[in-house]
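Could you walk me through this protein, one question at a time? I would like to see how its parts fit together.

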Amino acid sequence: MIRPVLTAILAIGLLACSAPSAEGGPDADEEDVKSLVPDLPTERSVAGNFETVLAEYRQMNDRLDRVSAPLRSANASLCAETFRDPGFRTHTLEDYPEQMRGAAQALMGVEPNAIYVRSVRRDSPAEKADIQTGDRILRLGGQGIPGGRTMTQFYDALSRGAFDGAESKITLRTPAGHDYETSLQPQTACDYQTTVFYSQDINGYTDGREVYVTSELMRNVPDDVNLALIVAHEMAHAIAGHLNEAPTRDLELEADRMALVLMDRAGYDIETAIAYWADAAHPHRSLQDDSDSHPTIIERYENFRQEQARIRELKRADQVLEFN
Ligand SMILES: [Zn+2]
């Protein structure tokens, strides 16, 4: 599911390589690549290079995954769709645009026809099992993963079965060529993956299955608590089924209230998140104050405060925290 976004980010690296001073590919390729990127950060892409962009992309995705994980696991009972989360994410060479595969092999050791661990989340089942970024996945639940065009679908199907039980056996190969078997205990979590999408817009959005946060928003969110609020807000839209409705002020305010419930259940300090909305330097301010479908910053802040008071009352009365 990360494929289109990864393609977009790698396409930026490709454009950097196609700058006038570098060796350029055919124009047709550049156009194809551009069409994949809705809002291309041109200044950044020309100044940067593939390695820098890729390193930033991985770092941003790791942060987003780490911040989202407690929201997904603590709120599993509120989500219609759950999955068994092993705590690592994977990639294959075929996930990258053809022009970039040489670089992907050189930089990340991703060889053709194999599936690799792309990232391991801190404090996750995978980390406890000592699985490392860059390890190749050889077997899952005793079954080998064949190479070829159906490899990813096969892995997806296999992982659904393998991670369903209390304990999953997995065989991996380190970059040095050492094979090892380990077992991990996946956690039940809301099935909303989170992914960084490269864009100069400051925005978060969801298609109801996956939550996307733009790279520019990632750079502008000052702390993990406020990043958690953005993810929780998008999860709330998905949980409440808002996607079938036109965006309105009321739906936005409802998603904000639900987000605080999701955050509190996940152990986030909602006071820190709300206090930030009273701050004049908020990056959303200029964007949202002149939008028709979005409430103003002040409306959102007051809505947050009211919901915070309700949450406080419920907790004081030792009641289960549910949506308003
Ligand atoms: Zn919203």
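Here is a short set of questions and answers about this structure.

The model is predicted, so local features are given only at pLDDT of at least 70 and side-chain atom pairs count only at pLDDT 80 or more, while totals for chains, interfaces and linings use all residues. Residues are numbered from 1 along each chain as its sequence is written.

Q: How many helices and strands does the protein have?
A: Helices (H or I, at least four residues) and strands (E, at least two) are DSSP runs, numbered from the N terminus. On that basis, the secondary structure comes to 13 helices and 11 strands.

Q: What share of the residues counts as buried?
A: A residue is buried if 20 or more other C-beta atoms lie within 10 Å of its own, exposed if 12 or fewer, and partly exposed in between, with C-beta atoms placed from the backbone. Of the 324 residues of the protein, the buried share is 34%.

Q: Which element gives the most residues to the largest nonpolar core?
A: A nonpolar core is a set of buried Ala, Val, Leu, Ile, Met, Phe, Trp, Tyr and Cys residues joined through C-beta atoms within 7 Å. The largest one has 43 residues, and Ala 228, Val 231 and Met 235 are among those that touch the most other members. Elements giving two or more residues include helix H4 (50-74), helix H9 (224-240) and helix H10 (249-265). The top contributor, with 10 residues, is H9.

Q: Where does this core lie with respect to domain 1 and domain 2?
A: The domain bounds come from an automatic or database domain assignment. Domain 1 (82-190) and domain 2 (193-316) both give residues to the core, so the core lies between them.

Q: Which residues does Met 235 touch, not counting residues up to four places away in sequence?
A: Two residues are in contact if their C-beta atoms, placed from the backbone, lie within 7 Å. By this rule, the partners of Met 235 are Leu 71, Cys 190, Tyr 192, Val 211 and Leu 262.

Q: How many residues of H9 are buried?
A: H9 should span 24 Å at 1.5 Å a residue, and its end C-alpha atoms are 24 Å apart, which agrees; the expected span is 1.5 Å times one less than the number of residues. The helix is mostly covered, and of its 17 residues the buried ones number 14.

Q: Which strands stand at the edges of the open sheet of three strands?
A: Two strands pair if DSSP finds at least two bridges between them. The order is E9-E11-E10, with mixed pairing. Each edge strand has a single partner strand, so one side of each is left without a neighbour in the sheet; these are E9 and strand E10 (204-206).

Q: Which side chains of strand E6 (residues 168-173) point to one face and are buried?
A: The side chains of E6 alternate, and Lys 169, Thr 171 and Arg 173 point to the other face and are not buried. The buried set is Ser 168, Ile 170 and Leu 172.

Q: How many bridges join E6 to strand E7 (residues 179-184)?
A: These strands run antiparallel, and Ser 168 stands opposite Leu 184 in E7. Their hairpin has five residues between the strands, with Gly 177 at a positive phi near 95 degrees. The number of bridges is six.

Q: Is Arg 84 buried or exposed?
A: Arg 84 sits in strand E1 (residues 82-85) and touches Phe 163, Asp 164, Pro 186 and Thr 188, not counting residues up to four places away in sequence. With 20 other C-beta atoms within 10 Å, Arg 84 is buried.
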